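User: Got a minute to go through this one with me? I'd like to start with the packing and then look at the domains.

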Amino acid sequence: MCGIIACTSTQEVRPLLLNGLRHLEYRGYDSAGLAVLTTSGHLEVHKKIGRVDSLAAHLPSSPPPAHLGISHTRWATHGEPSDSNAHPHLDQSGLLALVHNGTIENHADLKSQLLAAGHHFLSETDTEVLAHLVGQHYDASSASGPDRLTDSLRLALASVKGTFALAVIHRDLPDIIVGTRRGSPLVLGLGRNQHLLASDAAALLPHTRKVIFLNDLDITTISPDNFSIASLGPHTASWHISDLDLAPDAASRGHFPHFMLKEIHEQPLAISRSLHRRLDHDNASAHLDQLGLSPASLHHIDRVRIIGCGSALYAGMTGARMIESTAFLPADTEIAGEFRSLNRPLGNHSLVITVSQSGETADSLAALREARRKGALTLALTNHPSSSLAREADATLELLAGPEIGVAATKSFVSQLSAFALLALALGRLRHLPHHSGLELIHALEQLPSQIDSILAQSHSIAAIAARFASSHGMLFLGRGLLFPIALEGALKMKEISYIHAAGFAASELKHGVIALIDPHTPSVCLCPDDSLLSKNIGTIHEIKARRGPVIAITSNPNPEIDSLADAVIRIPATLDLLQPILHTIPLQLLAYHTALALGRDIDKPRNLAKSVTVD
Ligand code: G6P
């Protein structure tokens, strides 16, 4: 999704901006652009459909120096991907340039008013409307210097409905960038002789570790040696400087050909990190004191509702099943976008858990706000403790997965599952889960990293299976109970990066319609753990084979019946039922990865997808 990087410096900024845009590429985009103010006072704008490299190739080879600039990667919402729709956009005077993440809901009304006032537009975007609106107030203002720009933003944004993170420059203000946000993230980076604004802290890493995560309605004015933060709202702005705790190579692929593969291989470490100092052997429970929720408040919960989008939703569905089976607490899941539309009733003792890798997904944030408005206790499960979600929820359980750059969620997903296992353990021990069962779960959790390693060692044989079935026109994923949501996630991974039509189903639903899809060209991936449902899962395989459907079975202990029926078998280590979802996820990720590789897909930047969907 759209990304912003802007910088005011005592040095040349073009290479910094291009490099910053490359750090934002993983979010998903279709065009890129930048506007710089040259030291001779010329506002230079370049925009190009396609990759940041196309933009770089389009820049003049020996340009005049520029120490101030704003840049952007665009993921089309209003208007198709094109050079003219790419950001930055200029106002009517052509002297003010603006980049924007978010959506302006009343752009059509605002545009009509501006058209009536004689404005001309060059794009189909809501952002150009915003640029013209700010420019209109700038031209009418009697203030001077930076105040003129902040005042015009303040006035323009008062009539804007929607979400924004934006950075604005004006030709007459050679050192100054003004940035502000409402509903979309914006981070201020404090560098040496330079200040930066970015929509994603990872883009600031090469330049500084000192950052300020701006709050909604903060408006900041930056120059190379100074910054100020005020509020667009009635309150005084409050901020603090954070140290970015990211490894310098956090955003590099290392020796892996793709971020996705690197992140799949980082899962043993991610799980170890998420368990570290959270397992309470003495009490056979999990230390969740860092949540800041007292045992008393957790004890009063009589219902858990879990909300998320995409992979986070499927982690939540698995989490709900884990909590119900371990803590005997009613738990269910809701698509975040549906939760905010449906006006769901919430009881007095509901815990609402919002799951989001980024902590910035627009639907998830809106759902959290709705749950808070209704008085529910809220918990954020996120990889980003400084995200909007974490800051607005009553409590946060940090995933500790490390930065995830690949668009398709992998290590964040298994970290969400392990976080839910910890939560289920803690909630279970607050209720009826016996001490010995708690200890059994702790021991099984501790074995996960080495068990995942043993699945990763099968990457080559999974690649061979993927190559056999990569030309399929569709794939089905079937699981029961705790593994039904994992079937959904397996199908999501497959379609996200291979573009093969894939669908996940509860295996019990096979007979109720899905069976019509079975044919020799449609493989079914069957999740068959060695549990009480094994005979039912073998029955499902029989039904598929009877209709000449190919079967890829994922199972734990050797089973002669499965071995003789299935076209391919992937064997994974045995574990407790509760943790089967974690181990079954790994071969599904590898299957999707190797299928996409065999088809020559752009694995880290799949078409049309965005890593973090920060707009409605
Ligand atoms: C997008 C991504 C998905 C991700 C979902 C939720 O749709 O393409 O991979 O699962 O957003 O993201 P979140 O950051 O809220 O977990």
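Analyst: Sure. Contact here means heavy atoms within 4.5 Å. Keep in mind that this is a predicted model.

User: OK, what is I353 in contact with, neighbours within four places in sequence aside?

Analyst: I353 touches V304, R305, I306, I307, I323, L379, L381, F420 and L423.

User: And which residues have the most contacts inside the largest nonpolar core?

Analyst: Those are I323, I353 and L423, in a core of 94 residues. Helix 13 (residues 411-430) gives the largest share of this core, 12 residues.

User: Where does that core lie?

Analyst: Between domain 2 (254-447) and domain 3 (458-616), because both give residues to it. There's also a second, separate core of 25 residues, with C7, V36, L55 and V211 among them.

User: Switching to helix 9: is it largely enclosed or not, and why?

Analyst: Largely enclosed by the rest of the structure, since 14 of its 18 residues are buried. Helix 9 (residues 310-327) reaches 25 Å from first to last C-alpha, close to the 26 Å expected. After helix 9 comes F328, with a positive phi near 55 degrees.

User: Now domain 1 and domain 2. How many residues are in contact there?

Analyst: Seven from domain 1 and eight from domain 2. The two bury about 650 Å² between them, 49% of that from carbon and sulfur atoms. On the domain 1 side, Y26, P185 and F213 lose the most area, together 61% of what that side buries.

User: How many salt bridges between domain 1 and domain 2?

Analyst: One. As for R369, it forms a salt bridge with D216, with the closest N and O atoms 3.9 Å apart.

Notes
Residues are numbered from 1 along each chain as its sequence is written. This is a predicted model: local features need pLDDT of at least 70, side-chain atom pairs count only at pLDDT 80 or more; totals for chains, interfaces and linings use all residues. Side-chain values use heavy atoms; hydrogens and water are left out. A nonpolar core is a set of buried Ala, Val, Leu, Ile, Met, Phe, Trp, Tyr and Cys residues joined through side-chain atoms within 4.5 Å. Buried means under 20% relative accessible area, exposed over 50%, partly exposed in between (1.4 Å probe, protein chains only). Helices (H or I, at least four residues) and strands (E, at least two) are DSSP runs, numbered from the N terminus. Domain bounds come from an automatic or database domain assignment. The expected span of a helix is 1.5 Å times one less than its number of residues. Buried area is the accessible area (1.4 Å probe) that two parts lose on being put together, summed over both. A salt bridge is a side-chain nitrogen of Lys or Arg within 4 Å of a carboxyl oxygen of Asp or Glu.
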